[in-house]
Amino acid sequence: MRELVLGIETSCDETAAAVVDHDGIVLSSIVASQADLHARYGGVVPEIASRRHLELVAPVIRAALEDASAELGDIGRIGVTQGPGLVGALLVGLSAAKALAWAGGIPLVPVDHLRGHVATLYLAPDPLAPPFTCLLASGGHTLVLSVRDRTGYDVLGSTLDDAAGEAFDKGARLLGLGYPGGAEIDRLAREGDPEAFSFPVARVPGHDLSFSGLKTALLYAVRDLSEAELAVRRADLAASYQRAIVRALVGRLHAAARETGDGTIAVVGGVSANSELRAALPDARFVPLSLCTDNAAMIASAARFARSIESPGYLGLDAYASV
Ligand code: KG4
Ligand code: ZN
């Protein structure tokens, strides 16, 4: 029976493929991170990402099928990230998906990466049912969402400048930590005092967020310290900076939930892996850490609830860079 969904994700610097069944059980999920390749540049280099995706996409898909003990003949639909992301990177996954769909006579489902993050909440063993109010915080986006059904969402607020993950990454760079910086700050913050520095949380109207002022405040704090002082205070800076980001996110999510009247709140995206954010929202729904950052199980999950496109309709699909 053809009922499995193959997901493919290549929007940034992870080459990922996964097999999910109709009930949202993840049969396999392979994520090949290129983070090491980009680390020495302090961020993702698009051309390097595309080239690496090209090398990895076929073996990663093969490994996902193998791990799930599945063959192409078992796949009922292929979900692939269409955007937003790096267009060159997206095109590698999209082209691979088209080729497989064509070869296997399988319908294709173009998936929006952000809807994919939300769809992690619909995976087994404990799928969340809408309605709920959701914070999506990743390296590229920070959105406050009202989710009424599994096919999409309404945007209540978004960041006016940097995404929360970007704020973590840029903060980490200012502190001399590695890339990607979110997990590094998370780790270092555990050794620091979150009240040591008072960083501002921007107040912007409505449900929007802003992180650029916070980043500048960290820059000034770092500049005021000598090398030796910075070495001593680095953990305090990380803890205080993280506290400010978490406070802003938690405040926005609660305010939005008050407006929607939803009893259920959820957090998805790479930043939802943050330990302080998870601790600050004990009643919110989070997914396991492996599903917070980019993966393909989320794309396969979203593909279960979207319309599929038959051959040859999908051949004309193009990638898109931004929402
Ligand atoms: O969702 P994701 O994997 O990719 C995008 O769609 O952007 O998110 C990546 C972001 C990066 O900015 C990374 O620093 C951040 O998620 N991140 C974290 C943590 N783990 C990953 N931020 C804070 N704390 C973490 N533990
Ligand atoms: Zn993402």
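User: Is H117 buried or exposed?
Analyst: This is a predicted model in which local features need pLDDT of at least 70 and side-chain atom pairs count only at pLDDT 80 or more, while totals for chains, interfaces and linings use all residues; side-chain values use heavy atoms, with hydrogens and water left out. Residues are numbered from 1 along each chain as its sequence is written, and chains are lettered from A and ligands numbered from 1 in the order in which they are written. H117 has a relative accessible area of 1%, and the classes are buried under 20%, exposed over 50% and partly exposed in between (1.4 Å probe, protein chains only). H117 is therefore buried.

User: Which helix holds both H113 and H117?
Analyst: Happy to place them: the two histidines sit four residues apart, about one turn of the helix. Helices (H or I, at least four residues) and strands (E, at least two) are DSSP runs numbered from the N terminus. H113 counts as buried because its relative accessibility is 6%. The helix that holds both, spanning residues 113-119, is α4.

User: Which residues are the protein donors of the zinc ion (ligand 2)?
Analyst: Donors here are N, O and S atoms within 2.8 Å of the metal (3.2 Å for Na, K and Ca), and sites may look incomplete because water is not among the atoms. The protein donors lie 2.0 to 2.1 Å from the ion, and their sequence spacing is H-x3-H-x176-D. They are H113 (NE2), H117 (NE2) and D294 (OD).

User: What is the geometry of the site of the zinc ion (ligand 2)?
Analyst: The four donor atoms make angles of 97 to 136°. Four donors count as tetrahedral if all angles lie between 85 and 135 degrees; four count as square planar and six as octahedral if opposite donors are over 155 degrees apart and all others between 65 and 115; anything else is irregular. The site of the zinc ion is classed as irregular.

User: Which residues is I299 in contact with, leaving aside its neighbours within four places in sequence?
Analyst: I299 lies in helix α11 (residues 297-303) and is buried, because its relative accessible area is 0%. Its C-alpha atom is 4.8 Å from that of G116, although 183 residues separate the two along the chain. With contact meaning heavy atoms within 4.5 Å, the partners are I8, E9, G79, V80, T81, V111, H113 and G116.

User: Which element gives the largest share of the largest nonpolar core?
Analyst: A nonpolar core is a set of buried Ala, Val, Leu, Ile, Met, Phe, Trp, Tyr and Cys residues joined through side-chain atoms within 4.5 Å. The largest one has 42 residues, and those touching the most other members are F199, F211, L237, I245, L249, L277 and L281. Elements that give two or more residues to it include β6 (132-137), α7 (212-223) and α8 (227-260). The largest share, 14 residues, comes from α8.

User: How much space lies in the largest pocket?
Analyst: On a 1 Å grid over the protein atoms alone, a cavity is a set of points where a 1.4 Å probe fits but cannot get out, whereas a pocket is an open set with protein on both sides within 12 Å along at least five of seven lines; lining residues have an atom within 4 Å of a point. The largest pocket is lined by 49 residues, with S138, G139, D169, Y179 and P180 nearest its centre, and α5 gives the largest share of the lining, seven residues. Grid points are joined across faces, edges and corners, and the volume is the space filled by probe spheres set on the points. That space is about 1400 Å³.

User: Which residues does a cis peptide bond with omega of about 5° join?
Analyst: Most peptide bonds are trans. One cis bond runs from S311 to P312, with omega near 0°, and P312 is in the segment after α11. The bond you ask about involves P131, in the loop between α4 and β6. It joins P130 and P131.

User: What is phi of S69?
Analyst: S69 lies in the loop between α2 (46-67) and β4 (75-83), and S69 counts as exposed because its relative accessibility is 69%. Most residues other than glycine have a negative phi. For S69 phi is positive, near 50°.
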